[in-house]
Amino acid sequence: MIVENNVPLQPYNSFGIVARAQNLVRIASEGDVAELRADPRWRDAPRFVLGGGSNIVLTGDVKPLVLKVEIKGLRLVEETPRAWIVEAGAGEVWHDAIQWMLANGYPGLENLALIPGTVGGAPVQNIGAYGVELQDRFDSLDAIDLDTGLSFTLDAAQCAFGYRDSVFKHVRSGPNDFGLSGRALISRVRFRLAKPWKAVVGYLDLERKMEENGNFTPSPTDVFDWVCAIRRAKLPDWRVLGNAGSFFKNPTVTPEQCADIIARDPKIVHYPMADGSIKLAAGWLIDACGWKGKSVGNAGVYEKQALVLVNRGGLENPVTGGEVMTLAKAIQTSVYERFGIRLEPEPVVV
Ligand SMILES: Cc1cc2nc3c(=O)[nH]c(=O)nc-3n(C[C@H](O)[C@H](O)[C@H](O)COP(=O)(O)OP(=O)(O)OC[C@H]3O[C@@H](n4cnc5c(N)ncnc54)[C@H](O)[C@@H]3O)c2cc1C
């Protein structure tokens with residue numbers, strides 16, 4: 001295990017922001033964490049856990065020790081009459097892990113295809129797309145407490161999954177609080193993939209694909225291919241146009257608040273939720289404020305989808321984290337002034 005110094009982070013974040021890690025260590029096994037903790041120079045050092053860097057905004061050089069998770073491994077742990085339990089190392093590339101599962105006959109994650117990042121980053125914000133959230137296919141995960149070095153296992157309830165949320169996004173603020181932000185390194189994730197497999201195709205875009213293809217009984221691979229095609233058409237490829245996916249969460253409001261907004265803006269895109277609240281499309285709110293296609297420095301709002309902020313300067317003259325956050329704040333202010341709604345960023349600001 002080697003601690004590298006002054007490591008460029010531009011290749012390790014999907015915005016392509018230029019920043020350096022003062023110190024970076026690659027964690028390829030649970031043993032590497034033990035070795036790190038055995039070294040008095042690093043045992044109590046502040047640290048930042050990095051996966052694929054597809055949900056972060058770097059606002060400067062990273063002073064805490066960067067733990068870049070590269071733990072590999074894919075295996076079927078158990079097969080029951082009702083499910084396959086598949087385990088993946090946290091450092092596996094998310095999309096590649098799904099492909100491996102499909103190739104080996106363990107379907108269930110195809111709606112989440114092409115989401116960038118690692119397996120270990122996926123539970124942190126309970127990733128979701130096209131009608132499926134990670135929590136719907138989750139069994140358990142292993143993690144290491146970086147404060148104590150102890151390994152532990154969490155089930156779904158203990159992960160406290162919510163909409164783009166989990167226990168890993170919350171800081172522990174008291175003895176009865178279980179926040180694990182900055183404290184846990186997720187090492188392995190197990191998925192419970194139900195048998196018999198059932199296609200999740202209720203999303204409008206997927207319904208359209210069924211119509212277009214005249215295929216109303218798609219296989220897991222059909223759904224996988226359709227999701228990839230839909231995403232490629234809608235979202236910028238972060239390797240070409242740096243971004244971190246959706247920059248803001250879709251806000252939820254009460255039915256009264258929604259009625260109030262509809263009275264002023266009848267076209268607002270909204271979805272009733274099971275708990276009685278109403279989810280609003282953040283992209284629509286941003287678009288309604290006139291932001292689509294606009295820029296602040298090299299930070300821009302994607303022309304095809306106002307929810308995505310992009311790096312207009314490429315890798316040669318890249319956006320800075322400061323520009324991204326200035327644009328994000330300007331958007332938040334105009335959405336608040338017009339709709340009275342506070343947009344919450346999805347990526348982690350480092
Ligand atoms: C083009 C594009 C499209 C996207 N589409 C979607 C989408 O459809 N749905 C969606 O939900 N998200 C989407 N995202 C966001 C992002 O891909 C996911 O949130 C992804 O799971 C982040 O994983 P990562 O490994 O890149 O995490 P990172 O960006 O490296 O880290 C994000 C956070 O997770 C923590 N973390 C990462 N790995 C670990 C670990 N092993 N242990 C503990 N903490 C860890 C980090 O400390 C940080 O706080 C998209 C992003 C892009 C660029």
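## Polar contacts with the ligand

A backbone N or O atom of Gly-52 sits 2.8 Å from an oxygen atom of the ligand. This is a predicted model. Two further residues make polar approaches to ligand oxygen. A polar backbone atom of Pro-116 is 2.9 Å from an oxygen atom of the ligand. For Thr-118 the side chain takes part: one of its N or O atoms is 2.6 Å from an oxygen atom of the ligand.

The protein covers much of the ligand's surface. Taken alone, the ligand exposes 970 Å². Of that area, the protein buries 93%.

## The shell around the ligand

How many residues surround the ligand? The count is 33. The closest are Val-49, Gly-52, Ser-54, Thr-118 and Arg-231. Gly-52 and Thr-118 thus appear again: Gly-52 through a backbone atom, Thr-118 through its side chain.

By class, the shell holds 17 nonpolar residues, 14 polar residues and two charged residues. Four strands each give two or more residues to this shell. They are strand 3, strand 8 (128-129), strand 12 (184-194) and strand 13 (243-246).

## A four-stranded sheet

Strand 3 also belongs to a sheet. This open sheet has four strands in the order 1-2-5-3, with mixed pairing. Strand 1 (3-8) and strand 3 (47-50) are the edge strands, and each pairs on one side only. From one strand to the next, the twist averages 35 degrees.

Strands of a sheet pair through backbone hydrogen bonds, and the sense can be parallel or antiparallel. Which sense joins strand 2 and strand 5? Strand 2 (residues 20-27) and strand 5 (residues 65-69) are parallel, with four bridges between them. Across this pair, Arg-26 stands opposite Lys-68 in strand 5.

A helix covers part of the sheet. Helix 1 (residues 30-38) packs on it and touches strand 1, strand 2 and strand 5. The direction of helix 1 makes about 125 degrees with that of strand 2.

## A hairpin

Strand 6 (residues 74-79) and strand 7 (residues 83-89) run antiparallel and pair over five bridges. Together, strand 6 and strand 7 form a hairpin. Three residues lie between them. Within this pair, Leu-74 stands opposite Ala-88 in strand 7.

Terms used: Residues numbered from 1 in each chain as written. Predicted model: local features only at pLDDT ≥ 70, side-chain atom pairs only at ≥ 80, totals over all residues. Heavy atoms only, no water. Pairing = 2+ DSSP bridges. Axes fitted to C-alpha atoms, helices over the stretch in contact; angles between N-to-C directions. Contact = heavy atoms within 4.5 Å. Near = heavy atom within 4 Å. Polar contact = N/O pair within 3.5 Å; in protein donor to acceptor, adjacent residues only side chain to side chain. Areas by Shrake-Rupley, 256 points an atom, 1.4 Å probe, with all protein chains shown as cover. Nonpolar A, V, L, I, M, F, W, Y, C, P; charged D, E, K, R; others polar.
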